[in-house]
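This report introduces one chain of a structure to a reader who has not met it before. Please look at the overall fold, and then at the individual helices.

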Amino acid sequence: MDNEDVVIEVKGLKKSFGENVIINGIDLTVRKGETVVLIGPSGCGKSTLLRCLNGLEPIQEGSVLLHGEPVEYGKRSLYKIRQKIGMVFQDYGLFPHMTVLDNVMLAPLKVQKRAKDEVKKEAMALLERVGLGDKAKSYPSQLSGGQQQRAAIVRSLVVRPDIMLLDEITAALDPEMVHEVLNVVLDLAKNGSTMIIVTHEMAFAEAAANRVILMDGGVIVEENPPEKFFKDPDTERAKRFLSTFSYSR
Amino acid sequence: MDWSFITEYYPLYIESAVLTVTIGGLGIILSVIVGILCAIARYYRIPLLNGIAAAYTELSRNTPLIVQLFFLYFGLPKIGIVFSSETCGVVGLAFLGGGYMSESILSGLLSVRKTHLEAAASLGLNGFQTMTNVILPQAASVATPAVCANVIFLLKETSVFSAVSLADLMYTAKDLIGMYYSTTEALTMLVIAYLIIILPVSIVFTLLERRLHRAGI
Ligand SMILES: Nc1ncnc2c1ncn2[C@@H]1O[C@H](COP(=O)(O)OP(=O)(O)OP(=O)(O)O)[C@@H](O)[C@H]1O
Ligand SMILES: [Mg+2]
């Protein structure tokens, strides 16, 4: 595969909070069109890794490159680079004082300075696509959690990022809403979006991923295609991790 | 009650009420500006300015207005800085109010959730765009009730202006009592004058808060 395809490249990443080493040397390459699912026990540093990829956290060692450009915490260049990295959070983060449509149109209008007509058309089309066409004029507080999360996905998509980072986006949702949100993400995965997804939904991981990565103790423990990872993982650690998701009577 | 006294002297009250409202209004507007600047310095922890703003806030909120006015009116001339009574009134009120406003506005700014700041950052908004589009609108609705309470508080505080020889409402009432001993009439007119000034402001603020509350922010 040639290098043109590489969207994000992480080399020797180390991250600690004070004395606490959270990420202890991670290398990761994500190519265009790939959906990488990141799993691992609670507290192993999945969110921290995603936040480092987006420059939300300073790192101690290594580098994060987006299309060869360094992503560095606190640098001016971040504002430009972040438009190419979409991020969706567990607790949605829709701005409460704006309608759904205004939330979605904010970045394209204010940051990218695109024409309003064009942006509105695209925003409405995306909202329709995730089943929120009739909610464009509603405020976030008038929406269910699942609807808010779908709107948040659209808000990231409309910026046309090169890669999307999704951090446990269904963890705060009632079970019946998880499905509607994951279907949207699955649709994106099947249509060639580049994504890194942190999730605890194993069935979804298996369906959406091109590659599954298991993190533990600050490093990547196993990295395999889903067929391999879920049926016949290479490591004992992965077997043990997967066994925590099954029940036997 | 001596009605002829009232009809004779109520124009004096109108005159001094205008003065109270003008000086009070100017002082309050200034205090909001000072408050916004201090709150922003403290919110972003701008080196040096943060410390100055924090110290100023404590100083202004923990000393009585009358002491601040005395300092401006009697203290500063000793080192060659002379302000008129009017200037002392405006500056003194702004000095006092700036501290209160800064506290209220800062707590509004701090109420904006971290997720919203990070969502704004990851959408590529820069600091200024985040401030104007995300932080200020949310902070404004959170801070409004406290800012309104400060405005009313400051309007009432104007009653010590007479200490620096400003011919405000209080001054007029004291003057009339001193000259004619018509305590009942003078005080009744004083209370009514303050009510006429403050009550409408209070009602407008209550309506505003109710509206914000309904908007659910
Ligand atoms: N701002 C911070 N300051 C100090 N420690 C932190 C901070 N953020 C995270 N941590 C620590 O880093 C570790 C990894 O946290 P992180 O949120 O990345 O885990 P996670 O894999 O996403 O877990 P979960 O599955 O529960 O979301 C945890 O031990 C956490 O306590
Ligand atoms: Mg997490």
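The bend at a residue is the angle between two fitted axes, one through the seven residues ending there and the other through the seven starting there. In this predicted model, a kink of about 30 degrees in α4(B) is centred on B:Gly97.

Chain B contains eight helices and zero strands, and its elements therefore read α-α-α-α-α-α-α-α from the N terminus on, helices and strands being taken as DSSP runs. Along the principal axes, the C-alpha atoms of chain B fill a box of roughly 70 × 50 × 20 Å.

Two helices of chain B may be set side by side.

| Helix | Residues | Distance between end C-alpha atoms | Expected at 1.5 Å a residue |
|---|---|---|---|
| α4(B) | 85–110 (26 residues) | 37 Å | 38 Å |
| α6(B) | 127–157 (31 residues) | 37 Å | 45 Å |

The span of α4(B) is close to the expected value, whereas that of α6(B) falls short of what a straight helix would reach. Within α6(B), a kink of about 50 degrees lies at B:Ala143, shortly before the proline B:Pro145. At the start of α6(B), a side-chain oxygen of B:Asn126 comes to within 3.1 Å of the backbone nitrogen of B:Phe128.

Helix α1 (residues 3–43) and helix α7 (residues 169–180) of chain B pack with their axes 8 Å apart, at an angle of about 150 degrees. That angle makes α1(B) roughly antiparallel to α7(B). Residues in the contact include B:Phe5, B:Tyr9 and B:Leu12 of α1(B), together with B:Leu176 and B:Tyr180 of α7(B). By class, this contact has nine nonpolar, three polar and no charged residues.

Definitions and conventions: Residues are numbered from 1 along each chain as its sequence is written. Chains are lettered from A and ligands numbered from 1 in the order in which they are written. This is a predicted model: local features need pLDDT of at least 70, side-chain atom pairs count only at pLDDT 80 or more; totals for chains, interfaces and linings use all residues. Side-chain values use heavy atoms; hydrogens and water are left out. Helices (H or I, at least four residues) and strands (E, at least two) are DSSP runs, numbered from the N terminus. The expected span of a helix is 1.5 Å times one less than its number of residues. A polar contact is a pair of N or O atoms within 3.5 Å; within protein, one must be able to donate a hydrogen and the other to accept it, and residues adjacent in sequence count only if both atoms are side-chain atoms. Axes are lines fitted to C-alpha atoms, for helices over the stretch in contact, and angles run from 0 to 180 degrees between N-to-C directions. Angles under 35 degrees count as roughly parallel, over 145 as roughly antiparallel, 65 to 115 as roughly perpendicular and the rest as oblique. Contact means heavy atoms within 4.5 Å. Ala, Val, Leu, Ile, Met, Phe, Trp, Tyr, Cys and Pro count as nonpolar, Asp, Glu, Lys and Arg as charged, and the others, Gly among them, as polar.
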